Amino acid sequence: MASLESKTIIMSGGSRGIGLAIAVRAARDGANVAIVAKTDQPHPRLPGTIHTAAEEIEAAGGKALPILGDVRSDESVAEAVQKTVDTFGGIDIVVNNASAIDLSNTTDLAMKKYDLMQDINCRGSFLLSKMSLPHLRESAKAGRNPHILTLSPPLNLDPKWAGAHLGYTIAKYGMSLTTLGLAEELKNDGIAVNSLWPRTTIATAAVKNILGGSEMVDNSRTPEIVSDSAYYVLTSTGASGNFYIDDEVLADNGITDLEKYRVTPGDGPLMPDIFLD
């Protein structure tokens, strides 16, 4: 089976939740992981910092590089990319994980929050991918199977999604358009570009604090279903321009018993994620 041993990942976000789970899963192979995030000191409502994430990555068997950075800043991202290359010798994988969320309708959405979502979600994914391209091209020349993986949904143009939370939909679909466009732009460069999205809500701090509280968490799956499916995507070869769903990736790899990923054991209903019909 393919491995992520000695591969270098640069990830936006990753102090907690899905990003951290992806990082730890890669670390179990012996990957190098640079975490670029803003949480340097403990937050009263959010678990984890770049430093605790680095500790978990190292404990899992990988090498970690915690970088205090902001994906909204050109200079910060350029510095993070250079630090990663200086430390590990290159970049093989970009994971666009950082994301801001506000599901307010247009009337209620503050423009400051709109700008935050566009800057982190859409522009941040574009920027980190762009800045990493020279190193991904070098990875491709060396036969190291480079990837860009973005945590964003399929481009579902059913009007109900835009109508429900237009600002957030624009921001997340901007991430997905980055996948679509870069997959086409880089198709002759040997760089795979894909998106991944969960079938159900995932038990993260955002789900608990912003979306639905403890009840929604109880009806969710754990971040490990996304990290396991991300692992299969990142170790695959040749597939690009896809909008993967986590349980479909696992099924394609022979994993159909998903009970271990449920927060609450049993056969109760799970909360479906948005953007999926």
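**Note on the sheet and its aromatic cluster**

1. Helix α3 (residues 74-88) lies across β1 (8-12), β2 and β3, and its direction makes about 155° with that of β3. A further helix, α4 (residues 111-141), packs on the sheet as well, where it touches β1, β4 (93-96) and β5 (147-151) and runs at about 180° to β4. These statements, like those below, refer to a predicted model.

2. The sheet itself is open and has 7 strands, which pair in the parallel sense in the order β3-β2-β1-β4-β5-β6-β7. At the edges stand β3 (63-68) and β7 (243-245), and because each of them has a single partner strand, one side of each is left without a neighbour in the sheet. From one strand to the next, the twist averages 20°.

3. At the β3 edge, the parallel pairing of β2 (residues 32-37) with β3 extends over 6 bridges, and within this part of the sheet Ile35 stands opposite Pro66 in β3.

4. Towards the other edge, β5 and β6 run parallel and are joined by 5 bridges, with Leu151 opposite Leu196 in β6. Between β6 and β7, which also run parallel, there are 3 bridges, and here Trp197 stands opposite Ile245 in β7.

5. Is strand β6 (residues 192-197) mostly covered or mostly uncovered? It is mostly covered, since 6 of its 6 residues are buried. The burial concerns both faces of β6, with Ala192, Asn194 and Leu196 buried on one side and Val193, Ser195 and Trp197 buried on the other.

6. A search of the whole structure finds 5 aromatic pairs. One of them joins Tyr173 and Phe275, whose ring centres are 5.2 Å apart and whose planes meet at 50°, so the pair is tilted. This pair links distant parts of the chain, given that Tyr173 belongs to helix α6 (residues 166-185) and Phe275 to the segment after α10 (246-252), 102 residues apart. Both residues are buried, Tyr173 with a relative accessible area of 10% and Phe275 with one of 1%.

7. Phe275 also pairs with Trp197, the ring centres being 5.9 Å apart and the planes at 50°, so this pair is tilted. Because Trp197 lies in strand β6 and Phe275 in the segment after α10, the pair ties together parts that are 78 residues apart in sequence. Taken together, ring pairs link Trp161, Tyr168, Tyr173, Trp197 and Phe275 into a cluster.

8. A separate point concerns a charge over a ring: Arg25 lies over the face of Tyr231, at 3.7 Å from the ring centre.

Notes. Residues numbered from 1 in each chain as written. Predicted model: local features only at pLDDT ≥ 70, side-chain atom pairs only at ≥ 80, totals over all residues. Heavy atoms only, no water. Pairing = 2+ DSSP bridges. Helix = DSSP H or I, 4+ residues; strand = E, 2+ residues; numbered from the N terminus. Axes fitted to C-alpha atoms, helices over the stretch in contact; angles between N-to-C directions. Contact = heavy atoms within 4.5 Å. Buried < 20%, exposed > 50% of the residue type's maximum accessible area, 1.4 Å probe, protein only. Phe/Tyr/Trp six-rings, centres within 6.5 Å; stacked < 30°, edge-to-face > 60°. Lys NZ or Arg CZ within 6 Å of the ring centre and 35° of its normal.
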